[in-house]
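User: Please go through this model with me, one question at a time. I would like the reasoning before each result.

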Amino acid sequence: MDKAIEIRDCSAAYGENKVLNHVSLTVEKGEFVVIIGPSGCGKTTLLKMMNGLVIPLEGEVAVNGELIRGCDLSAMRRRIGYAVQGAGLFPHMTVEDNICYVPGLERRLTQEEKKILAEKMLELVQLPGEVGKRFPRQLSGGQKQRVGIARALAAAPDILLMDEPFGAVDEITRRGLQEELLALQRKTGITIVFITHDIGEAFHLGSRVLIMKEGEIWQEGKPEELQKAPRDEFVRSLIGR
């Protein structure tokens with residue numbers, strides 16, 4: 001398989017606090033990789049390293065074969081979708097304008113082009129086209145998360161990075177969003193890297209699950225492999241075995 005993301009012996013720190021310690025990871029194109037671990041273990045830092053929001057102190061990061069260090073970061077980020085908890089929508093923009101924001105950085109879109117693109121993206125996340133004229137404050141929590149995913153996909157990225165995107169919604173909405181995301185990934189073949197605190201969500205979504213501890217990838221594998229052979233008591237406790 002082709003490599004979508006390569007993390008090569010990378011370390012990172014905030015001031016004196018080292019948060020990643022010589023981490024190496026390869027994500028193949030089309031994979032759905034889920035990262036889980038306790039707060040402060042380095043999950044979000046690792047994710048941000050994948051689109052250049054964090055530059056490693058040591059090591060190299062490559063996306064689709066291109067080294068992040070020295071590349072045009074703005075152009076690269078426009079090829080990577082990014083969705084976070086709470087959706088991160090611009091409150092002063094309509095849903096349509098939110099969805100079309102990144103594609104609009106590439107070229108000026110006409111009103112008709114924006115309408116067509118927004119409706120296409122909303123249909124992909126199972127929302128009606130009329131939602132495009134609303135503002136984020138007029139949406140439910142689940143609708144905001146769907147719009148956040150639609151915005152992340154609007155520029156047709158090869159990779160989608162997701163940092164606890166369903167953490168702020170109720171359990172019923174969360175389960176629905178999980179199924180929609182799996183269906184979307186099967187339909188598009190997009191590479192997804194997804195952070196969660198929920199081991200059930202990790203095992204349900206991930207074709208591969210990474211367990212992090214103290215800035216390191218402590219164990220990784222398919223959900224059934226981790227359940228069958230947890231590395232130690234820390235992993236057993238995390239997965240509830």
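User: What distance should the 14 residues of helix H5 (residues 111-124) span?

Analyst: This is a predicted model, in which local features need pLDDT of at least 70, side-chain atom pairs count only at pLDDT 80 or more, and totals for chains, interfaces and linings use all residues. Residues are numbered from 1 along each chain as its sequence is written, and side-chain values use heavy atoms, with hydrogens and water left out. Helices (H or I, at least four residues) and strands (E, at least two) are DSSP runs, numbered from the N terminus, and the expected span is 1.5 Å times one less than the number of residues. The end C-alpha atoms of H5 are 20 Å apart, which agrees with the expected span of 20 Å.

User: Which residues of H5 are buried?

Analyst: Buried means under 20% relative accessible area, exposed over 50% and partly exposed in between (1.4 Å probe, protein chains only). On the face turned away from the buried side, Lys-120 and Glu-123 are exposed. The buried residues of H5 are Lys-114, Leu-117, Ala-118, Met-121 and Leu-122.

User: Why do they lie on the same side of H5?

Analyst: The arc is taken over the directions from the helix axis to the C-beta atoms. The buried residues pack against helix H3 (95-99), H4 and helix H6 (141-153), contact being heavy atoms within 4.5 Å. They are on the same side of H5 because they cover an arc of only 130 degrees around the axis.

User: How many disulfides does the count come to?

Analyst: A disulfide is taken as a pair of cysteine sulfur atoms within 2.5 Å. The sulfur of Cys-41 has its closest cysteine sulfur in Cys-10, 16 Å away, which is too far for a bond. Cys-41 is buried at 1% relative accessibility, and Cys-100 is buried at 4%. The disulfide count is zero.

User: What is the strand order of the open sheet of four strands?

Analyst: Two strands pair if DSSP finds at least two bridges between them. Strand E1 (residues 3-14) pairs with E2 in the antiparallel sense over eight bridges, and Ala-13 stands opposite Lys-18 in E2. The pairing in this open sheet is antiparallel, and its order is E2-E1-E4-E5. Pairing on one side only, the edge strands are strand E2 (17-28) and strand E5 (66-67), in the order E2-E1-E4-E5.

User: Where in the protein chain is confidence lowest?

Analyst: Confidence is given by pLDDT, from 0 to 100 for each residue. The chain has a mean pLDDT of 88, with 98% of its residues at 70 or more. Confidence is highest in strand E3 (residues 32-36), at a mean of 96, and lowest, at 78, in helix H4 (residues 101-106).

Terms used: pLDDT = per-residue confidence, 0-100.
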